[in-house]
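Grab a coffee and open the viewer. Below is a small set of exercises to work through with the model on screen.

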Amino acid sequence: MMGAHVIRSGVQKFINDFLDKGLISCLAMNGAGIIHDYEFSRIGATTESVARYIKTGEFGMWEETGFLNDIINSGYKKNPDAGIGEVVGKAIVQQNLKYQEISLLAKCYKNKIPATVHISIGQDIIHQHPNCDGAATGALSYNDFLVFASQVQHLENGLIMDFGSNVMAPEVFLKALSIVA
């Protein structure tokens, strides 16, 4: 389980190595995680400066960032039982984005490892774009919660690790544990 700054810091090579070696059986992240993962897979970096762009009203308003809503909306229409992690990972692979080898979601998709995304609507920059569909986003994120709960249910002799998330990860784990215990 991780917060987005883990991705923003650029440690994907190490996490992808763990995924390839089968050391991670499920990867969970918050909503900002898909934004940084997508940016890295698309342009090889994540560069937005909040301090700079909040002053001009441009923070989060990049057209490319809004493409994530199109991916989520399309994924929901095609398969309402999918999760955001799967839908975004699949899109990164199918769109053959230039830096997809950096993407955790693409790696999970290719390796058939669950990647779950736990969105808090109104918290991420994709939610301010006019193409955000709260119903699609909420449904796919809920599906990811159910996938995560299933992983927790089969955690015997395993462990949960949390890097960089003081709110999402503990809360999602607690709720998942409560429904599978």
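What follows is a handful of exercises on this predicted model, each with a worked solution.

**Exercise 1. Work out which residues and elements line the largest pocket, and what sort of side chains they bring.**

Step 1: start with the space itself. The largest pocket holds about 540 Å³.

Step 2: look at the wall. There are 25 lining residues, and the ones nearest the centre are Ile-24, Ser-25, Cys-26, Leu-159 and Met-161.

Step 3: assign the wall to elements. α2 (12–20), β1 (27–30) and α8 (134–153) each put at least two residues into the lining. The largest share belongs to α8, with 4 residues.

Step 4: sort by chemistry. You should end up with 19 nonpolar, 5 polar and 1 charged residue in that lining.

**Exercise 2. Cys-26 sits by the pocket centre; find out why Cys-26 has no disulfide partner.**

Step 1: search the whole structure for disulfides. The tally is 0.

Step 2: check the distance. The closest cysteine sulfur to that of Cys-26 belongs to Cys-108, and the two are 7.9 Å apart. A disulfide needs sulfur atoms within 2.5 Å, so that pair is too far apart for a bond.

Step 3: check burial. Cys-26 has a relative accessible area of 16%, and the cut-off for buried is under 20%, so Cys-26 counts as buried.

**Exercise 3. Map the largest nonpolar core and say which helix gives the most to it.**

Step 1: count the members. The largest nonpolar core has 34 residues, and the best-connected ones inside it are Met-2, Ile-15, Met-29, Ile-34, Leu-68, Ile-84 and Val-88.

Step 2: find the top contributor. That's helix α6 (residues 84–94), which supplies 5 residues to this core.

Step 3: don't mix it up with its neighbour on the list. Another core, of 11 residues, lies apart from the largest one and includes Met-1, Cys-26, Ala-28 and Phe-148.

Step 4: zoom in on one hub. Skipping neighbours within four places in sequence, Val-88 is in contact with Ile-34, Leu-68, Ile-71 and Leu-105.

**Exercise 4. Follow α6: which of its residues are buried, and what covers them?**

Step 1: list the buried positions. They are Ile-84, Gly-85, Val-87, Val-88, Gly-89, Ala-91 and Ile-92.

Step 2: recall the helix geometry. With 3.6 residues a turn in an α-helix, residues three or four places apart point the same way.

Step 3: see what packs over them. The cover includes α3 (31–43), α5 (63–78), α7 (104–111), β2 (115–118) and α8.

Step 4: step past the end of the helix. After α6 comes Asn-96, with a positive phi near 50°.

Step 5: carry on into the loop between α6 and α7, where you'll meet Ser-103. Ser-103 counts as buried because its relative accessibility is 0%. Leaving out neighbours within four places, Ser-103 is in contact with Asn-16, Asp-37, Ser-41 and Ile-92.

**Exercise 5. Place Met-2 and Ser-165, and decide for each: buried or exposed?**

Step 1: locate them. Met-2 is in the segment before α1 (4–8), while Ser-165 is in the loop between α8 and α9.

Step 2: read the accessibility. Met-2 is buried at a relative accessible area of 4%, and Ser-165 is buried at 6%.

Step 3: look for what comes in from elsewhere in the chain. The C-alpha atoms of Met-2 and Phe-163 are 4.8 Å apart, despite a separation of 161 residues along the chain.

Step 4: list contacts, not counting residues up to four places away. Met-2 touches, among others, Ile-7, Ile-15, Leu-104, Phe-163, Ser-165 and Met-168. Ser-165 touches Met-2, Gly-3 and Pro-170.

**Exercise 6. Take Lys-112 and Asn-157, each with a positive phi: where do they lie, and are they buried or exposed?**

Step 1: take the backbone angles. Phi is about 55° for Lys-112, which is not a glycine, and about 65° for Asn-157, also not a glycine.

Step 2: place them. Lys-112 is in the loop between α7 and β2, and Asn-157 is in the loop between α8 and α9 (168–180).

Step 3: read the accessibility. Lys-112 counts as exposed at 73%, and Asn-157 counts as exposed at 79%.

Key: Residues numbered from 1 in each chain as written. Predicted model: local features only at pLDDT ≥ 70, side-chain atom pairs only at ≥ 80, totals over all residues. Heavy atoms only, no water. 1 Å grid on protein atoms, 1.4 Å probe; cavity = no way out; pocket = protein on both sides within 12 Å on 5 of 7 lines; lining within 4 Å. Points joined across faces, edges and corners; volume = space filled by probe spheres on them. Nonpolar A, V, L, I, M, F, W, Y, C, P; charged D, E, K, R; others polar. Core = buried A, V, L, I, M, F, W, Y, C linked by side-chain atoms within 4.5 Å. Buried < 20%, exposed > 50% of the residue type's maximum accessible area, 1.4 Å probe, protein only. Contact = heavy atoms within 4.5 Å.
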